[in-house]
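Got your viewer open? Load the model and follow along, one selection at a time.

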Amino acid sequence: MAEHLVLVGMMGAGKSTVARLVAARLGRPYVDTDTEVEKAAGSSVAEIFSVHGEAGFRAEESRVLAAVLSADVPAVVSVGGGAVIDPANRDALRAGATVVWLRARPETLARRVGRNADRPLLRALDGGPEPGGPAAALARIEAQRRGLYEEVASVVIDVDTLAPAAVADRVVRDLGPLQGQGR
Ligand code: S3P
């Protein structure tokens, strides 16, 4: 029975792009939890953060993740970078999915994320008390979450020097044979 294939990792690691490529190659649906949260709320992630705060966003993210993982058709899922903070989400991931951690160094993340206003957590930290700006904020968040990604992932791919297509190749190579059969 094939499980959902879930990509976790920090913002800027390339989860959505890689998940889309892997889904196309495996002929599976592609799901992005941020997009599902936005559809359910009828507003953007940034708007949800500014109106309901991070706690409001996390509650909706947890609800969406549980619904996505309970779907019968095995999908390729890109999960928002902070979903692993909630222990219940980590339990759900371990129980209902094969999880791949796209691991990137903070400098790689900072280069890719830049000052993207659609990434509210980083925007909130950027220009705040963090003296080093986004790069320091990303390094701090990555250090807090590293152990959580490690806890849920059965495969780790270092993406710093790899283009998204090469990361997708590696995901399919490592997991394709296990994931290929239908439920
Ligand atoms: C967040 C990552 C974002 C989004 C939200 C919070 C985080 O998703 O869920 O801005 O806490 O790392 P991506 O990882 O897809 O950018």
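Start at the ligand and select G82: a polar backbone atom of this glycine is 3.4 Å from an oxygen atom of the ligand. Before you zoom in further, keep in mind that you're looking at a predicted model.

Next, pick D34. One of its polar side-chain atoms sits 2.7 Å from a ligand oxygen. Now select R145, where a polar side-chain atom also lies 2.7 Å from an oxygen atom of the ligand. How much of the ligand's accessible area does the protein cover? On its own the ligand has 380 Å² of accessible area, and the protein covers 95% of that.

**The shell around the ligand**

Widen the selection to everything around the ligand and you'll pick up 14 residues. The closest are K15, D34, R58, G81 and R145, so give those sticks if you like.

Which helix gives the most to this shell? Colour α3 to see: it contributes four residues. In the sequence, α3 covers 45-69. Colour α6 (120-125) as well, since both helices supply at least two shell residues each.

**Along helix α1**

Go back to K15, one of the closest residues to the ligand. Helix α1 spans residues 15-26, so select that whole stretch. Try a distance between its end C-alpha atoms: they are 16 Å apart. Why does that number make sense? At 1.5 Å a residue, the 12 residues of α1 should span 16 Å, so the two values agree.

Now show the side chains of K15, V18, A19, V22 and A23, which are the buried ones in α1. Turn the view so you look down the axis of α1: the buried residues fall within an arc of 135°, so they line one face of the helix.

Step just past the end of α1 to G27. This glycine takes a positive phi, at about 65°.

**Zooming out**

Switch to cartoon for the entire chain. You should find eight helices and five strands. Tracing from the N terminus, the order of elements is β-α-β-α-α-β-α-β-α-α-α-β-α.

Colour by burial next: of the 183 residues in the chain, 47% are buried. Then turn on the surface. The chain has about 8500 Å² of accessible surface, with 54% of it belonging to carbon and sulfur atoms.

For a last stop, display contacts between residues at least 6 apart in sequence. Of these, 78% join residues at least 24 apart.

Key: Residues numbered from 1 in each chain as written. Predicted model: local features only at pLDDT ≥ 70, side-chain atom pairs only at ≥ 80, totals over all residues. Heavy atoms only, no water. Expected span 1.5 Å × (residues − 1). Buried < 20%, exposed > 50% of the residue type's maximum accessible area, 1.4 Å probe, protein only. Arc of directions from axis to C-beta. Contact = heavy atoms within 4.5 Å. Areas by Shrake-Rupley, 256 points an atom, 1.4 Å probe, with all protein chains shown as cover. Near = heavy atom within 4 Å. Polar contact = N/O pair within 3.5 Å; in protein donor to acceptor, adjacent residues only side chain to side chain.
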